[in-house]
Amino acid sequence: MTTTDAIYEHLTALRAALPDLDEALIPGTPRRWSERDLTPEQRARQDKLAVAERDAKAANLARGIKTLGDGKAPLNLAVLDAAADITAGVAELEDAVCERLGITPLVGATTAERISRIIGLLDRVALHEDLAEHVHTEASRLRRAASRALGDSEPIVKLKARCTICRSLSLRAFPERAVVACVDETCRCDNEDCPCGWERPQRHTWPFDTWPWLADHLEEGIGVAS
């Protein structure tokens, strides 16, 4: 699968999930965040959420749904948070694509319309390797955000091959992210700059295209990790 094909798959799945996210907004869930000791990033995230809540409140009132006293919020805030992230993320992604291609972003467009536009520009995006990689990374992230909000878990495929670093049978493929990871927490390499040596070590990951045999293994259906 090419990068363009992978981007197309992520974006079409994300676009298809948008109506499901709207339906999943109700019933509501209690708030799980506190306004004390917020970092700048958390504050910005909360501000973004507040905008989405205000818009959702107007939509609820139009449906005749009102909040009563101190009861549960009328919307599922976990889904609302994900929807706000997706809305902002798609808009930012369209801005990045348009800036590189020298075109103007859509004005007043829906998230679905922005996704459709990016899909229509993929042939031009593919001409810029760094842009294509950015679009792929962000499209994959937003698709996972939608999946998590809807309660869908990402498929994990257990590979019958040893890690090239620790030699353990600990390789897992994550098709939605197009990466392979070693899930052995003790896996360490000799590269001083590798994140595996950080105070909070990160797992080793490799993109699919560095594993020539991976596509064949996935097609064989070698099993899903528990």
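These questions and answers go through a predicted model of one chain.

Biologist: What kind of model is this, and which pLDDT do local features need?
Modeller: Residues are numbered from 1 along each chain as its sequence is written, and side-chain values use heavy atoms, with hydrogens and water left out. This is a predicted model in which totals for chains, interfaces and linings use all residues, side-chain atom pairs count only at pLDDT 80 or more, and local features need pLDDT of at least 70.

Biologist: How many helices and strands does the chain have?
Modeller: Helices (H or I, at least four residues) and strands (E, at least two) are DSSP runs, numbered from the N terminus. From that end on, the elements run α-α-α-α-α-α-β-β-β-β-α. The chain has seven helices and four strands.

Biologist: What share of the residues in the chain is buried?
Modeller: Buried means under 20% relative accessible area, exposed over 50%, and partly exposed in between, with a 1.4 Å probe and protein chains only. The chain has 226 residues, and the buried share of them is 36%.

Biologist: What share of the contacts with a separation of 6 or more comes from residues 24 or more positions apart?
Modeller: Contact means heavy atoms within 4.5 Å. Of the contacts in the chain with a separation of 6 or more, the share from residues 24 or more positions apart is 61%.

Biologist: In what order do the strands of the sheet stand?
Modeller: Two strands pair if DSSP finds at least two bridges between them. Strand β1 (residues 157–158) and β2 are antiparallel and joined by two bridges, while four bridges join β2 to strand β3 (residues 179–182), also antiparallel. The sheet is open, has four strands with antiparallel pairing, and its order is β1-β2-β3-β4.

Biologist: Which strands stand at the edges of that sheet?
Modeller: A strand with a single partner has no neighbour on one side, so it stands at an edge of the sheet. The edge strands are β1 and β4 (205–207).

Biologist: Which residue of β3 is the bridge partner of Arg-172?
Modeller: Arg-172 belongs to strand β2 (residues 171–174), where Arg-172 and Phe-174 point one way, Leu-171 and Ala-173 point the other way, and all are buried. In a regular strand the side chains alternate between the two faces of the sheet. Towards β1, Lys-158 stands opposite Arg-172, and Val-157 has Ala-173 as its bridge partner. Towards β3, the bridge partner of Arg-172 is Ala-181.

Biologist: Which residue in the loop between β1 and β2 has a positive phi although it is not a glycine?
Modeller: The phi in this case is about 65°. The residue is partly exposed, with a relative accessible area of 48%. In the loop between β1 and β2, the residue with this phi is Arg-167.

Biologist: How far apart are the end C-alpha atoms of α3?
Modeller: The expected span of a helix is 1.5 Å times one less than its number of residues. Helix α3 has 25 residues, so it should span 36 Å. Gly-102, with a positive phi near 70°, follows α3. The distance between the end C-alpha atoms agrees with the expected span, at 36 Å.

Biologist: At what angle do α3 and α4 pack?
Modeller: Axes are lines fitted to C-alpha atoms, for helices over the stretch in contact, and angles run from 0 to 180 degrees between N-to-C directions. The axes of helix α3 (residues 77–101) and helix α4 (residues 111–120) are 10 Å apart. Residues of the contact include Ile-86 and Val-90 of α3 and Ile-115 and Ile-118 of α4. The angle is about 35°.

Biologist: How many residues are nonpolar in the contact of α1 with α3?
Modeller: Helix α1 (residues 3–24) and α3 pack at about 145°. The contact is made by Leu-14, Leu-18, Leu-21 and Ala-24 of α1 and Val-79, Ile-86 and Val-90 of α3. Ala, Val, Leu, Ile, Met, Phe, Trp, Tyr, Cys and Pro count as nonpolar, Asp, Glu, Lys and Arg as charged, and the others, Gly among them, as polar. No residue of this contact is polar or charged, and the nonpolar ones number seven.

Biologist: Is His-136 buried or exposed?
Modeller: His-136 lies in helix α6. Not counting residues up to four places away in sequence, His-136 touches Thr-3, Ala-6, Ile-7, His-10, Arg-177 and Ala-178. With a relative accessible area of 10%, His-136 is buried.
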